[in-house]
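Visitor: I am new to protein structures and would like a close look at a single part of this one. Could you take me through the sheet and what lies against it?

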Amino acid sequence: MVNAIKGVFISCDIPMGQLIVNMNNSMPSSQRFIIHVLDSTHLFVLPHVEKMIRSAIAEFRNQNSYEKPT
């Protein structure tokens, strides 16, 4: 019998993949969202966390972007 799980496929670079895995690992076990790590650049996650991941990545990019001193 086949067990199917609905999810979102994420393709990213290695640092973003590590960020997502660290987010997942920092949550309690009942709230973890990664279904399967395919490799270092591809993840399969639960669909309800897509927005949270996008906002965390946007915040991470904002914190780590260069601004020329004035």
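Guide: Happy to! Let us begin with a term: two strands are said to pair if DSSP finds at least two bridges between them. Please keep in mind as well that this is a predicted model.

With that term in hand, look at strand 2 and strand 3, which run antiparallel and are joined by four bridges. One of the residues to find here is Ile34, whose bridge partner in strand 3 is Val45. Now turn to strand 1, which pairs with strand 3 in the antiparallel sense, also over four bridges. Here you can pick out Phe9, with Phe44 as its bridge partner in strand 3.

Put these pairings together and you get an open sheet of three strands in the order 1-3-2, with antiparallel pairing. Strand 1 and strand 2 (34-39) are the edge strands, as each pairs on one side only. From one strand to the next, the twist averages 20 degrees.

What lies against the sheet? Helix 1 packs on it, touching strand 1, strand 2 and strand 3. The direction of helix 1 makes about 150 degrees with that of strand 2.

Next, the two faces of a strand. In a regular strand the side chains alternate between the two faces of the sheet. In strand 1, Val8 and Ile10 form the covered face, while Phe9 and Ser11 form the uncovered one.

Ile10 leads us on to the largest nonpolar core, which has 14 residues. Ile10 is among the residues with the most contacts inside this core, along with Ile20, Phe33, Val45, Ile53 and Ile57. You met Val45 earlier as the bridge partner of Ile34. The elements that give two or more residues to the core are strand 1 (8-11), helix 1 (14-26), strand 3 (42-45) and helix 2 (50-63). Of these, helix 1 gives the most, with four residues. In soluble globular proteins, nonpolar side chains tend to be buried together.

For a closer view of the core, try Ile57: leaving aside its neighbours within four places in sequence, Ile57 is in contact with Met16, Leu19 and Ile20.

Finally, visit Asn24, which is found in helix 1. Is Asn24 buried or exposed? Asn24 counts as buried because its relative accessibility is 8%, and buried means under 20%. Not counting residues up to four places away in sequence, Asn24 touches Arg32, Phe33 and Ile34. That brings us back to Ile34, the residue whose bridge partner is Val45.

Conventions: Residues numbered from 1 in each chain as written. Predicted model: local features only at pLDDT ≥ 70, side-chain atom pairs only at ≥ 80, totals over all residues. Heavy atoms only, no water. Core = buried A, V, L, I, M, F, W, Y, C linked by side-chain atoms within 4.5 Å. Buried < 20%, exposed > 50% of the residue type's maximum accessible area, 1.4 Å probe, protein only. Contact = heavy atoms within 4.5 Å. Axes fitted to C-alpha atoms, helices over the stretch in contact; angles between N-to-C directions.
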